[in-house]
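Trainee: I have a new model to look at, and I would like to practise reading it with you. Could we go through it together?

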Amino acid sequence: MPVSDAPAAALIALERIADGGFAEAEACIDGDHEPLVLYREGERVRGWLNICPHAGRRLDWAPGQFLKSKAGDLVCAAHGASFSLTDGECVAGPCKGDRLRSVALEVRDGQVFLA
Ligand code: FES
């Protein structure tokens, strides 16, 4: 079977994510089509599966609309669990101590890719 050497498609353009803001994307990871939450900090983007470890719900309250607390944490819209935007750890709420599943990303030429 021929192996495709086509370049991987970008998840999103960096400019489509506000600095300090979120965006959603979808990616094929280990053969599964997964929803992602992306968080931009300057020229860097962090990503996690958009699946809350508490009850498996999406974190956004509407597609691509995520909540950020005054403390700067990502807040799950379902039951309010708060996640550190540094490492994805749940710092408060019903799944405290659990973590979002991180996804390695890189920014190249103004586009965000799976690393
Ligand atoms: S599903 Fe996220 S806090 Fe319950």
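Trainee: Which residue forms a salt bridge with D30?
Mentor: A salt bridge here is a side-chain nitrogen of Lys or Arg within 4 Å of a carboxyl oxygen of Asp or Glu. For D30, the closest N and O atoms of such a pair are 3.6 Å apart. The pair links distant parts of the chain, 71 residues apart, with D30 in the loop between β2 and β3 and its partner in the loop between β8 and β9. That partner is R101.

Trainee: Before we go on, what kind of model is this?
Mentor: Residues are numbered from 1 along each chain as its sequence is written, and side-chain values use heavy atoms, with hydrogens and water left out. Local features need pLDDT of at least 70, side-chain atom pairs count only at pLDDT 80 or more, and totals for chains, interfaces and linings use all residues, because this model is predicted.

Trainee: Is D30 buried or exposed?
Mentor: Buried means under 20% relative accessible area, exposed over 50%, and partly exposed in between, with a 1.4 Å probe and protein chains only. R101 has 44%, so R101 is partly exposed. D30 has a relative accessible area of 71%, so the word for D30 is exposed.

Trainee: Which residue forms a salt bridge with R40?
Mentor: R40 has a relative accessible area of 13%, so R40 is buried. Its partner has a relative accessible area of 60% and is exposed. The closest N and O atoms are 3.6 Å apart, and the partner is E43.

Trainee: How many residues apart in sequence are E89 and R99?
Mentor: Their side chains meet in a salt bridge, at 3.6 Å from N to O. E89 lies in the loop between β7 and β8 and R99 in the loop between β8 and β9, so the pair ties together parts of the chain whose separation in sequence is 10 residues.

Trainee: How many salt bridges does the structure hold?
Mentor: We have met three pairs: D30 with R101, R40 with E43, and E89 with R99. Others share partners and join E24, R58 and D60 into one network. The structure's total is 8.

Trainee: Which strand makes a hairpin with β3?
Mentor: Strands are DSSP runs of E with at least two residues, helices are runs of H or I with at least four, and both are numbered from the N terminus. Two strands pair if DSSP finds at least two bridges between them. Strand β3 (residues 32-41) has 6 bridges to its antiparallel partner, and E41 has R44 as its bridge partner. With 2 residues between the strands, and G42 in the turn at a positive phi of about 65°, the hairpin partner is β4.

Trainee: Which residue of β9 stands opposite G47?
Mentor: β4 is joined by 2 bridges to strand β9 (residues 102-103), and the two run antiparallel. In β4 (residues 44-49), 5 of the 6 residues are buried. Opposite G47 in β9 stands V103.

Trainee: Which residues do ring pairs link into a cluster?
Mentor: Rings of Phe, Tyr and Trp (its six-membered ring) pair if their centres lie within 6.5 Å; planes under 30 degrees apart count as stacked, over 60 as edge-to-face and the rest as tilted. The rings of F22 and Y39 have centres 5.2 Å apart and planes at 40°, so that pair is tilted. The rings of F22 and F66 have centres 5.6 Å apart and planes at 45°, so this pair is tilted too. The cluster is therefore made of F22, Y39 and F66.

Trainee: Which strands stand at the edges of the open sheet?
Mentor: This sheet of 4 strands has the order β5-β6-β7-β8, with antiparallel pairing. Each edge strand has a single partner strand, so one side is left without a neighbour in the sheet; these strands are β5 and β8.

Trainee: Is S82 buried or exposed?
Mentor: S82 sits in strand β7 (residues 82-83). Contact means heavy atoms within 4.5 Å, and, not counting residues up to four places away in sequence, S82 touches several residues, including L74, V75 and V91. Its relative accessibility is 11%, so S82 counts as buried.
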